Amino acid sequence: MLSASREEISNGSLPKVLLVLAAPLLVQNLVHVANQVIDVFWLGRLGGDAIAAVGLNFPIIALLFTVAIGISVGTQVVVAQRVGAENLEGARRVAVTGTLVGLIGGTILGIVAFVLARDVMGLFAAEPQVIEAAAAYLAVIALGIPLATASDALESGFVGWGDARAALYINVATVVVNVALDPFLIFGWWVFPELGVEGAAAATAIGYAAGFFFAVGLAVYGRDDFRIGLRDIGFDLEDAREIVDVGWPNAGQYVASQSVRVLMVAIVAVAGGSAAVAAYTIGARVASVAFIPAQGLQQAAQSVIGQNLGAENPGRATRTTWVGVAIAAGALTLVGAVQWLVPETLTTVFVPDATPDEVAHTVAYLEILAYGYWAIGANYLLMAGFNGARRTRTSFIATLCQYWAVRLPVAALGIYVLGMDATAAFWAVTISNVVVAVGLGLYYWYETGSGMNQRAVDVAASSTD
């Protein structure tokens, strides 16, 4: 069984509930990684320019989906708290309103991206043919952003309800359609036109649409008692304000982290050249795979914490956070130990033809990263503790401290002041992770001891009323 009942969330074994809810979310994230790999596989058959064109789009598309992240977290937390309070009608209404907010926000962003696609891509220093292909890719993707954002919000409604399987099914539907259409639209197989890079974008946009309509079907035809009827359809302005108020700090959190990552690449390039940048990129890819379990556990914990606060059980919400921290930190400690033991093997798996200099830099980075893996697991779950209590601003501030107050200054100090090589930037990543994990843990302990979750219970009750 890959979902948890409200009774289990409120009274069952916390480790079991967290792992049961996290399992489909883990698979969902792995599906997304596989989708990216398959996209690159097909586009690689068109040559390096096609890969470069799509690569230029990654940071832009990530920023466009910042709105989806904020709306999704807001929808999940508010739905979870209302379900915990047994206000199922109100929870369904929030899910519908969140979906409509996602549709509106996604439409605005989609129009802006479509109109400015060529101007945005012109900001990059790349060959004219790459810029042209990148702009075409972004314009087509922009058409799918409204339904993608709406789908993410509705999917988060399911997760907040405690039904992580639905989120997995929605993502599988999205990815299967994308993967199936990729070669037909890219190369013009069968009766389809040969669209090249635009074909890859079209397959992705159609996949977004398929995921959205599949999500609507699940919601309308029912998943247990999550069944949206005509009486639930509508836009509630107060619910929309609540969703945005809870979710916007998470959107800001994402922008804060992404912007520093761009600056860190620039610093690494100055300190160590292309070999160091390659090492930093490989390390980031390895880490992104390693952190998938913690990300799934964070989403699961937010639902469990939110429902228990809605059910006026603040002590269990606090225990959920600490149990999640123990599971995530322990699991990532094991992952870090493996990474520390075989860094060279991991390097050659990702880049078989890496030069000795690239291998040396990457091995150093993977070893340094491994020391702080436990802290990243702890950070994800501590932020879930604050998010589930509607304290998303605390997570936002923690991320600002992690990236802007610790990581960037430590890297700059080591390289520009102390004259160290690129390993200064590598150590800055681990140091920032550890410092924030310790600080956030102490702050969570202090805040919960001072009644944070009881105050969250009161806020959830007033929202339900």
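**Figure 1. E312 sits in the loop between α10 (292-310) and α11 (314-341).** This close-up comes from a predicted model, and it is worth a look for the backbone at E312. The phi of E312 is positive, about 60 degrees, even though E312 is not a glycine. For context, most residues other than glycine have a negative phi. As for its surroundings, E312 has 58% relative accessibility, so it counts as exposed, the cut-off being over 50%.

**Figure 2. R390 is another non-glycine residue with a positive phi, here of about 70 degrees.** Where does R390 sit? Look in the loop between α14 (373-388) and α15 (392-417). Is R390 buried or exposed? With a relative accessible area of 15%, R390 is buried, because that value falls under 20%. Set the two loop residues side by side: E312 counts as exposed, whereas R390 is buried.

**Figure 3. S432 lies in helix α16, which runs over residues 423-449.** There's nothing left of S432 for the probe to touch: its relative accessible area is 0%, so it is buried. What does the side chain of S432 reach on the backbone? It gets to the backbone oxygen of V429, at 2.8 Å. The side chain of S432 also makes a polar contact of 2.9 Å with the side chain of R407. Once neighbours within four places in sequence are set aside, the residues in contact with S432 are Q402, V406 and R407. R407 therefore turns up twice in this view, as a contact of S432 and as its side-chain polar partner.

**Figure 4. Pulling back from the close-ups, the whole protein has 17 helices and zero strands.** How does its radius of gyration fit with a compact globule? For 465 residues such a globule would come in near 23 Å, and the protein has 22 Å, so the two agree. The C-alpha trace spans about 60 × 55 × 35 Å along its principal axes. Of the 465 residues, 55% count as buried. Among contacts with a separation of 6 or more, 81% are between residues 24 or more positions apart.

**Figure 5. The surface and the charges round off the set.** The protein exposes about 19000 Å², and carbon and sulfur atoms supply 69% of that area. How many side chains of each charge are there? The count is 21 positive and 33 negative. The centres of these two sets lie 9 Å apart.

Terms used: Residues numbered from 1 in each chain as written. Predicted model: local features only at pLDDT ≥ 70, side-chain atom pairs only at ≥ 80, totals over all residues. Heavy atoms only, no water. Helix = DSSP H or I, 4+ residues; strand = E, 2+ residues; numbered from the N terminus. Buried < 20%, exposed > 50% of the residue type's maximum accessible area, 1.4 Å probe, protein only. Polar contact = N/O pair within 3.5 Å; in protein donor to acceptor, adjacent residues only side chain to side chain. Contact = heavy atoms within 4.5 Å. Rg over C-alpha atoms; globule rule 2.2 N^0.38 Å. Areas by Shrake-Rupley, 256 points an atom, 1.4 Å probe, with all protein chains shown as cover. Lys, Arg positive; Asp, Glu negative; His and termini not counted. Charge placed at Lys NZ, Arg CZ, Asp CG, Glu CD.
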